[in-house]
Amino acid sequence: MFKKILVANRGEIACRVFRTAKRMGIATVAVYSDADARAPHVLMADEAVRLGPAPAAESYLKAELILAAAKATGADAIHPGYGFLSERESFAKACAEAGIAFVGPPPGAIAAMGDKIESKKLAKEAGVNVVPGFVGVIDDTEHAVKIAAEIGYPVMMKASAGGGGKGMRLAYSEQDVREGFEATKREGLASFGDDRVFIEKFIESPRHIEIQVLGDQHGNIVYLGERECSIQRRHQKVVEEAPSPFVTPEMRRKMGEQAVALSRAVGYYSAGTVELIVSGADTSGEGFYFLEMNTRLQVEHPVTEAVTGLDLVEQMIRVAADETLAFGQDDVKLTGWAIENRIYAEDPYRSFLPSTGRLVRYRPPAAQDTPYGEVGGEGYVRVDDGVAEGGEVSMFYDPMIAKLITWGQTRDAAADLQVAALDRFQLEGLGNNIDFLSALMQHPRFRSGELTTGFIAEEYPEGFAGAPADAMLTRRLAAIAAVLSWRQSERASMISGQLGAMPLAKRDWVVHLGAIAHEVSLGDGAIVDGELVEGSVEWAPGDRIAVARGDDGELAVRVTKTRTGWVLTTRGAAHRVEVYRPRVAELAKHMIEKIPPDMSRFLLAPMPGLLTRVEVAVGDKVEAGQPLAVVEAMKMENILRAEKTGVVKAVNFGAGESLAVDAAILEFE
């Protein structure tokens, strides 16, 4: 077994590998850029080596610096994590030439599967179902238009070396191909150093299902069941679960056997994932097609660990050390259900725009150590992260903050645990998608298991405005708000010189929740609009979370004080609540509403990023839908278009300048 492992990565995956390495008694080495000098993965490792400046191209993507760090610290193995150098054949070869074990597959398998065009040819030869498409090199836009017409719309244009949702464009028409082909090439070149693009048929109402494979260097390969990864946004996975609510045992066997056949055809060993696109309308078990093979550990590997009881990182390390798999296909059993939600630095209330900044507060829910090697019990919560309170989510790296994993005996139990854990996740300082994830977990369509990759676009066509609250939750929130205000007032009455401290005997309140006013009277329980809400509230002034317990179960609510009430965040929505004494409520009706300023004359930056192009000049007349500027954020190009007809009065920024959120790029007359 290895004595020391260097992890050529950062964030949560580096921390994840370190945890297993430490449990196995293996010393650890971290590498870091200037942006990560005080990051948790650096503090967790036994040793740490600086690579260079913040941009990945000058630090985490420099193979020679990582190999030098391994030699300097005496590391005899390198785990690449995911992203960065994890799927580069050249890096795996360089490790071998340096006499350092690469904790991953052989270079030949990485090369064979890393090129999406070549991998589809190999898959077809191995007897794996493939999506109809053009797998050759596309010369230019005109060639792309011709190919798309022959395949039949809709089609998907993909960067050959792409991944992580980058370098992909969906085209429903010739115009879409003409507008998107060059952008796809640019994204492929910017993100992966390869501008080749291929085109394939887009399968409508598709499900994204992937098979986890694991092989050793002695020819043994097994599949560890499937993961359902259909809930995506902009081709980026948001929710993953194992097993899939759609896959039957017979489908699982067919998919697994094809995944193993493909792995065997390229001499694969270590952990890998065969991604499949499955027709949601197909119940024959034959309507699945090969998409790509990821020759690395997946972000969503914890859900497979949860239902199999295996530590995939440990298995990768043992395989790299030339050990034989200690189990066969018949030993793989799937128990219970696991769900993973990816917590991103993005604002779902602002069209999921990327968010960067400091984690002013970061308190994940209480988690249990993952019971590797044992699957059972009532359920558990696991948090995989690589951030800490006071740290910064920068523009240089992926915006994922943490992964929340729950395991339960049933799918509903795992989803219920997700909702409860998300309610207790305290994250302040930058936009995040916690409310959105909670809304997904409660959504009737999610609970029914009727998933497709279009789920988010179909269910939230106008964007996200928070999960709706039913009558029962509304009454509980009104009661909680009244209790909080009572406790706050009670505390104030103990301080001398307080202006207008009310008599403590009076417990009547008017609670404005949205556009509706609720009359609340506190006593033994709370009377809300004439109905009794029984239970108790655990909260004291200064607490960030209030916990209500009653006949309807436990409800955790994140609490923020405002001038006239509270913001109560729970069950997938932030509820702005105003709480008044009855007399004050009468007077409040006469307050003049403050009208926000009109910003329609400006083109505002919807996110922090780099302004790469300005398409108009002062004096230009623009029409609705016309491209005005292009902003690059998180390596994705975002075209900003005119919302209405107008004339450009001023251009405040030029190409190459960095933008803050809401920066006025253009002004119109």
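Here is a chat about one sheet and one pair of helices in a predicted model.

Student: What makes β26 and β27 count as paired strands?

Tutor: Two strands pair if there are at least two bridges between them. Six bridges join β26 (residues 508-513) to β27 (residues 516-523), so the pair passes that cut-off. The two run antiparallel, and Asp508 stands opposite Ser521 in β27.

Student: Which sheet do they sit in?

Tutor: An open one made of nine strands, in the order β29-β28-β27-β26-β34-β33-β32-β31-β30, with antiparallel pairing.

Student: Why are β29 and β30 called edge strands?

Tutor: β29 (531-533) and β30 (536-538) each have a single partner strand, so each is left with one side that has no neighbour in the sheet. Going from one strand to the next, the twist averages 30 degrees.

Student: Which helix lies across β33?

Tutor: That's α16 (residues 471-493), running at about 135 degrees to β33.

Student: Why are α7 and α8 called oblique?

Tutor: Helix α7 (residues 141-151) and helix α8 (residues 174-192) pack at about 140 degrees. Roughly antiparallel needs an angle over 145, and roughly perpendicular covers 65 to 115. The angle of about 140 degrees fits neither range, so the pair is oblique. Their axes are 9 Å apart, and the crossing is right-handed.

Student: What makes up the contact between them?

Tutor: On α7 the residues are Thr141, Glu142, Ala144, Val145 and Ala148, and on α8 they are Glu174, Val177, Arg178, Phe181 and Glu182. By class, that's five nonpolar, one polar and four charged residues.

Note on methods
Residues numbered from 1 in each chain as written. Predicted model: local features only at pLDDT ≥ 70, side-chain atom pairs only at ≥ 80, totals over all residues. Heavy atoms only, no water. Helix = DSSP H or I, 4+ residues; strand = E, 2+ residues; numbered from the N terminus. Axes fitted to C-alpha atoms, helices over the stretch in contact; angles between N-to-C directions. Contact = heavy atoms within 4.5 Å. Parallel < 35°, antiparallel > 145°, perpendicular 65-115°, else oblique. Left-handed = near helix turned anticlockwise from the far one by under 90°. Nonpolar A, V, L, I, M, F, W, Y, C, P; charged D, E, K, R; others polar.
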